[in-house]
Amino acid sequence: MDAAAAVALNVGGELFQTTAATLSQAGAASPLASLGPSSPSAPHFLDGDPRLFAQLLSFLRHGRLLAPAPPSAALLAEARRFALDGALLASLSPASAFAPLSLRPSALLPLAGRVPPSAVAVCPSPPHPASLVAAHGGVVTCFDAALATRASVLTPLPAVDSLVAVSPALALAGARDFPGVHLCRFSDDDPAAAAVPEVLSWPGSPSATVLSMAATVPSGAPSAPWLFASFESARRNSSAMVAFDLNSLSPVAEIGRKEVFGADVEAAIPATKLGWLCEHNLLLAAGSHSSPGGVVGDIRLWDIRASATVPVWEVREKEDCFADVAASDTLSALFKVGAASGEVFMADLRRLGNGGGIGLEPWVCIGDGQRAAAAASSRRKEGNGCMIECYCNWVFVTRGADVEVWSQVELAPEAGGKKVMKRNWVGSGPYMDAGAGEEAVKEKAKIVSWAFGGSRMALARADKRSVEVWDSALAKICANP
């Protein structure tokens, strides 16, 4: 078909003229993309609202809505008829529109059953619309980018601990007490789906359970996305990370295999948190072990192009070991929450030496340094249960039911012109403003999982059978007509 060929459309009695190239922007799933050339005297007929269709046609031409207001429920319903709702919402909620201090609750997604969600994930966008996936019990439910329709998959897992959204049609689920990474397919359109395994296992140890997962597209690797999964053997005497090619669903590499000899558990702590730094081509792997003597943890950075057995950098944590750790590509730094102090620390990746570094102190406290120093030698557990995550240029920390955000700001020249991290709180939701007398309420509303994508933040709380969606780009949208 000639991309420049004219196409005439009769929509609800009103004539529209465009080109095949413009209609092809709707994607193969849209009926608009299959319309061939036609003349004004014999146009294709579409039963629809011409006022709404004019906005959709403008969207296809420009890649965005020209009207500044969020789309109406009627426009989203019309877009859904032409399989454009996902692209429409993705264009309105890009990562470039993300502003943490503007985040406000925009949707509450109810989940079937009586079990609160244990994990949430957001499909990476682009190239896919930012669909949202939630695990509740052994069920994994996917919401489309418009948060209007859903599909659910029942897994054999008693509960899901690790969840990764690969695409709107595929999610991966794992559990600490059940073997393998389980594929959750929300579409049967792929004819090759039946020819691939539905469970990914650690080669040679099919009974190994899953501690953590992360998906990415490594630079310099094949064009397929990769999955990194941290496995632990059923007897808990060995562990390793395995990289899988998500096109072929075959293992690519085994990374950092560890064996426990005797009772020396601390010498082989498995990775319970994985993260990928795309710009640095590094895999972050961290894990900790609690004993009567305190908490001990390891943080390692792996360049899998160089070695799958020796990390490029590692540190053993003893004093104020991390409760959680995350990595930021844009800030070129690692961040952790101290388990004892609850304070946030930062390590500049550009100052970390290659080839080890055990014994060196990489961390700088960006919070209350005096409090961190006092807690380092104590048995306090101020940071227990806190989670930390990096998204775009910001660092987020959960504090029970609340979310704090750290932003990098540049001081004025007269103050030295240095860049420092400043703390704020996200939003003013139902738990954010709870007073000291409502600690019991806040404990029940504790955040157990979260995810970021586009201009959204998704939260799962301990006492809610639903997922909160916070958006900084859109006002509250009722997606249903």
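**Sheets, a hairpin and a cavity in a predicted model**

Three strands come together in an open sheet of mixed pairing, arranged in the order β2-β1-β3. The edge positions are taken by β2 (14-19) and β3 (44-46); each has a single partner strand, so one side of each is left without a neighbour in the sheet. From one strand to the next, the twist averages 30 degrees. The parallel part of this arrangement includes strand β1 (residues 6-11) and β3, which are joined over three bridges. Within that pairing, V11 has L46 of β3 as its bridge partner. Helix α2 (residues 50-62) packs on the sheet and touches β1, β2 and β3. The direction of α2 makes about 10 degrees with that of β2.

It helps to place this sheet in the whole protein, which is seen here as a predicted model. The chain holds six helices and 31 strands. Of its 481 residues, 51% count as buried. Among contacts with a separation of 6 or more, 52% are made by residues 24 or more positions apart. The exposed surface comes to about 21,800 Å², and carbon and sulfur atoms supply 53% of that area.

The loop between α1 (20-24) and β3 contains P31. Is this proline buried, partly exposed or exposed? With a relative accessibility of 41%, P31 counts as partly exposed. Leaving out residues up to four places away in sequence, P31 touches R81 and F82. P31 and R81 are 50 residues apart along the chain, and their C-alpha atoms are separated by 8.9 Å. R81 belongs to helix α3, which spans residues 73-81. The buried residues of α3 are L75, L76, A77, E78 and A79. After α3 comes A83, with a positive phi near 55 degrees.

A further open sheet has four strands in the order β5-β6-β7-β8, and its pairing is antiparallel. Here β5 (117-122) and β8 (150-154) stand at the edges; each pairs with a single strand, so one side of each is left without a neighbour in the sheet. The twist in this sheet averages 20 degrees from one strand to the next. In its interior, strand β6 (residues 132-136) and strand β7 (residues 139-143) run antiparallel and are joined by five bridges. One of the residues to look for is A134, whose bridge partner in β7 is T141.

Attention now turns to the internal space of the model. Three cavities of 30 Å³ or more are counted. The largest cavity holds about 110 Å³ of space. Its lining is made by 15 residues, and those nearest its centre are M241, K258, I269, P270 and A271. Two or more lining residues come from each of β15 (238-245), β16 (250-259), β18 (282-291) and β19 (294-302). Strand β15 also contains S239, which is buried, with a relative accessible area of 5%. Which residues does S239 contact, leaving aside its neighbours within four places in sequence? The contacts of S239 are W202, F231, E232, G256, R257, K258 and P270. Two of these names, K258 and P270, also appear among the residues nearest the centre of the largest cavity.

Another useful place to look is strand β23 (residues 344-348), where five of five residues are buried. In a regular strand, side chains alternate between the two faces of the sheet. In β23 both faces are covered: V344, M346 and D348 are buried on one side, and F345 and A347 are buried on the other. Strand β22 (residues 333-338) pairs with β23 in the antiparallel sense over five bridges, with K336 standing opposite F345. These two strands form a hairpin with five residues between them. In the turn of this hairpin, G342 has a positive phi of about 75 degrees. β23 also runs antiparallel to strand β24 (residues 364-365), to which two bridges join it. F345 takes part here as well, with C365 as its bridge partner in β24.

Definitions and conventions. Residues numbered from 1 in each chain as written. Predicted model: local features only at pLDDT ≥ 70, side-chain atom pairs only at ≥ 80, totals over all residues. Heavy atoms only, no water. Buried < 20%, exposed > 50% of the residue type's maximum accessible area, 1.4 Å probe, protein only. Contact = heavy atoms within 4.5 Å. Areas by Shrake-Rupley, 256 points an atom, 1.4 Å probe, with all protein chains shown as cover. Pairing = 2+ DSSP bridges. Axes fitted to C-alpha atoms, helices over the stretch in contact; angles between N-to-C directions. 1 Å grid on protein atoms, 1.4 Å probe; cavity = no way out; pocket = protein on both sides within 12 Å on 5 of 7 lines; lining within 4 Å. Points joined across faces, edges and corners; volume = space filled by probe spheres on them.
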